[in-house]
Amino acid sequence: VTVAALALVSGCSAQEQQASTELPSASSTSAEPTPELPPLGPGDFPVPDEARVQDEAGAEAFLRYYIDLINRQIRILEGEPLRDLAPECNECLRIARDLDEAAEAGRTYRGSDIAIDSDFGTAEVEEGFNLAFFAQIASGALLEASGSPVPGTESEVQRLASAAIVTWSNERQSWLVKALNFG
Amino acid sequence: MTRLAQRVAVLVSASSTFLLGFQATAAADCPLIGGCPDVNFGQGEIFTNLDGAFVTPLVAKSMEVPAYEWRMRSLCEISQGIDGTCSPSDFRPCDQPSERVVRYLVLERRALVQEDGEVADDLVAPPGAPAGTPVGPWVEEIQGCFDITQLNPPPSPAEVFSYFERLPLPELEARHQPPGSGLSGLPVIFYTDEGTTETFTVDIRGFDVIINAGATSFTWNTGDPADPTITTDHPGAPYPDHAITHDYTSGTYTASLTVTWGATFTVDGSAPANVPGTTTTQGSPVTFDVLQARPVLVHPN
């Protein structure tokens, strides 16, 4: 799926998630976030604390956040936050590059938001967790500055079997996306 | 170490994605070449010699729904997806036996939901995923030199270049003015009036490849040790539109023209692409004298 065909809209509704301001309780276990989490993600759209917990639920929360981040970045056409949280993910790097190139060319995306449209099929793998899911890609297009669609970029709504591998980073105290595929 | 030859059936071949199923066949020698597996692709099936850890995951439970779908991509294709460019390290050489197509490729796979809902590698399908649904991102299985002759891939730019080098390109001759002998102090004009573009249609493994060749630079070998070459990006023209001249002292000189050719190509009517490289032709030499003119007083009668 090209980003042009990714003219993305999230069923996750791109509601901004705020980092928790509450410290863990005294009964916190080792699976809960530490109080000194380094900042991660855009300042006004940080990685939520629940996505920085090194367990299955944390991995799933991180992927939900990352899909929301893609939707957010498509609106503001800035690829760097996607690269920062997925430095080894080829598809993520490609999406980030497409956004930067669209910005340089004065283009914008219409629609194309991504929504996670199923529960995850989650399996622990050597690198972290493999998360399989269905993604719904809203109809959309890449638009020229004039507002006309770039030829070949208009797409109808699609439901695509998708998957990601997320891997834990001790340095960042967070999950990172290692691989991602839509369709 | 157990070595098995895997019989691999190509179930679907579209968009550079090959859906493969695997069946173990007889044990065979496994001539791994420096990390490059010896993989032979046949019409409708692939024979690949792999060993060790690769063997088990390559074997599908059922030929109806293979355990994995597979695709092969070049390093350049992968790099272009990431940053839009290819680096020199993306182009890795492979031994090229005559009449074979061997390319350095990355074999990638992803697991598929089986009829019983199970997925290879203990992955878990999302609820409601039918058999055949992919359940993981594409992951690299192995990379190396693959013999893909039987898949009959379109000619690569490098393959087209190997044909381009052997095309009977015109050997343009250097023309000079004045005709015959020149005069010292009078510049000699060089030009060529032969065609500087040529179109060739060649058959490369059944593909119609049209190569549009064009002269990209002209090196005029003057034969004058004092200034042996003149390089231009045009063929020059005769007097009075001349643009290439050389001043000789008196003597006998042999001049010639070396032309550098570039080209674009199409495959079965595809969009044009550049042939990655140039070739040269050498025109026949021409020899002429340059004379010293002396003023002579003559009686008017």
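Two strands count as paired if DSSP finds at least two bridges between them. Strand 12 (residues 207-221) and strand 13 of chain B clear that bar with 4 bridges, running antiparallel. The model here is a predicted one, and what follows walks through chain B, its sheets, the cores, the contact with chain A and some salt bridges.

**Chain B in outline**
- Chain B comes to 3 helices and 18 strands.
- Of its 301 residues, 47% are buried.
- Take the contacts in chain B between residues at least 6 apart in sequence, and 67% of them join residues at least 24 apart.
- About 15,400 Å² of chain B is exposed, with carbon and sulfur atoms supplying 53% of that.

**Strands and sheets in chain B**
- In the pairing of strands 12 and 13, B:Trp220 stands opposite B:Ile230 of strand 13.
- Strand 13 (residues 229-232) of chain B has two faces: B:Ile230 and B:Thr232 sit on the covered one, while B:Thr229 and B:Thr231 are on the uncovered one.
- Elsewhere in chain B, 3 strands make an open sheet in the order 8-10-14, with antiparallel pairing.
- Strand 8 (175-177) and strand 14 (245-246) of chain B are the edges of that sheet; each has a single partner strand, so one side of each lacks a neighbour in the sheet.
- Strand 10 (residues 188-191) of chain B pairs with strand 14 of chain B over 2 bridges, in the antiparallel sense, and B:Val188 has B:His246 in strand 14 as its bridge partner.

**Nonpolar cores**
- The largest nonpolar core has 44 residues, and the members touching the most others are A:Phe62, A:Tyr66, A:Ile70, A:Leu85, A:Val177, A:Leu180 and A:Phe182.
- Several elements of chain A give two or more residues to this core, including helix 1 (56-76), helix 3 (90-104) and strand 7 (174-182).
- Helix 1 of chain A gives the largest share of this core, at 10 residues.
- Another core, of 34 residues, lies apart from that one and has B:Phe164, B:Phe207, B:Tyr248 and B:Val286 among its members.

**Where the chains meet**
- Chain B puts 22 residues into the contact and chain A puts in 23.
- Together the two chains bury about 1,500 Å², 65% of it on carbon and sulfur atoms.
- On the chain B side, B:Ile82, B:Pro126 and B:Pro137 supply 34% of the area buried against chain A, more than any other three residues.
- The salt bridge count between chain B and chain A is 0.

**Salt bridges**
- Over all chains, the count comes to 19 salt bridges.
- In chain A, the side chains of A:Asp117 and A:Arg159 meet at 2.6 Å, N to O.
- A:Asp117 is in the loop between strand 2 and strand 3 (121-125) of chain A and A:Arg159 is in strand 6, so this pair ties together parts 42 residues apart in sequence.
- Both ends are partly exposed, A:Asp117 at 34% relative accessibility and A:Arg159 at 45%.
- In chain B, B:Arg73 and B:Glu108 form a salt bridge at 2.9 Å, N to O, linking strand 5 (residues 68-73) to strand 6 (residues 102-111) across 35 residues.
- B:Arg73 counts as buried at 16% relative accessibility, and B:Glu108 does too at 5%.
- B:Glu159 pairs with B:Arg103, the closest N and O atoms being 3.7 Å apart.
- B:Glu159 belongs to helix 3 (residues 157-164) of chain B and B:Arg103 to strand 6, so the pair ties together parts 56 residues apart in sequence.
- B:Glu159 is buried, with a relative accessible area of 16%.
- Salt bridges with shared partners join A:Glu80, A:Arg83 and A:Asp100 into one network.

How values were computed:
Residues are numbered from 1 along each chain as its sequence is written. Chains are lettered from A and ligands numbered from 1 in the order in which they are written. This is a predicted model: local features need pLDDT of at least 70, side-chain atom pairs count only at pLDDT 80 or more; totals for chains, interfaces and linings use all residues. Side-chain values use heavy atoms; hydrogens and water are left out. Buried means under 20% relative accessible area, exposed over 50%, partly exposed in between (1.4 Å probe, protein chains only). Contact means heavy atoms within 4.5 Å. Accessible areas come from the Shrake-Rupley method with a 1.4 Å probe; for residues, only the protein chains shown count as cover. A nonpolar core is a set of buried Ala, Val, Leu, Ile, Met, Phe, Trp, Tyr and Cys residues joined through side-chain atoms within 4.5 Å. Buried area is the accessible area (1.4 Å probe) that two parts lose on being put together, summed over both. A salt bridge is a side-chain nitrogen of Lys or Arg within 4 Å of a carboxyl oxygen of Asp or Glu.
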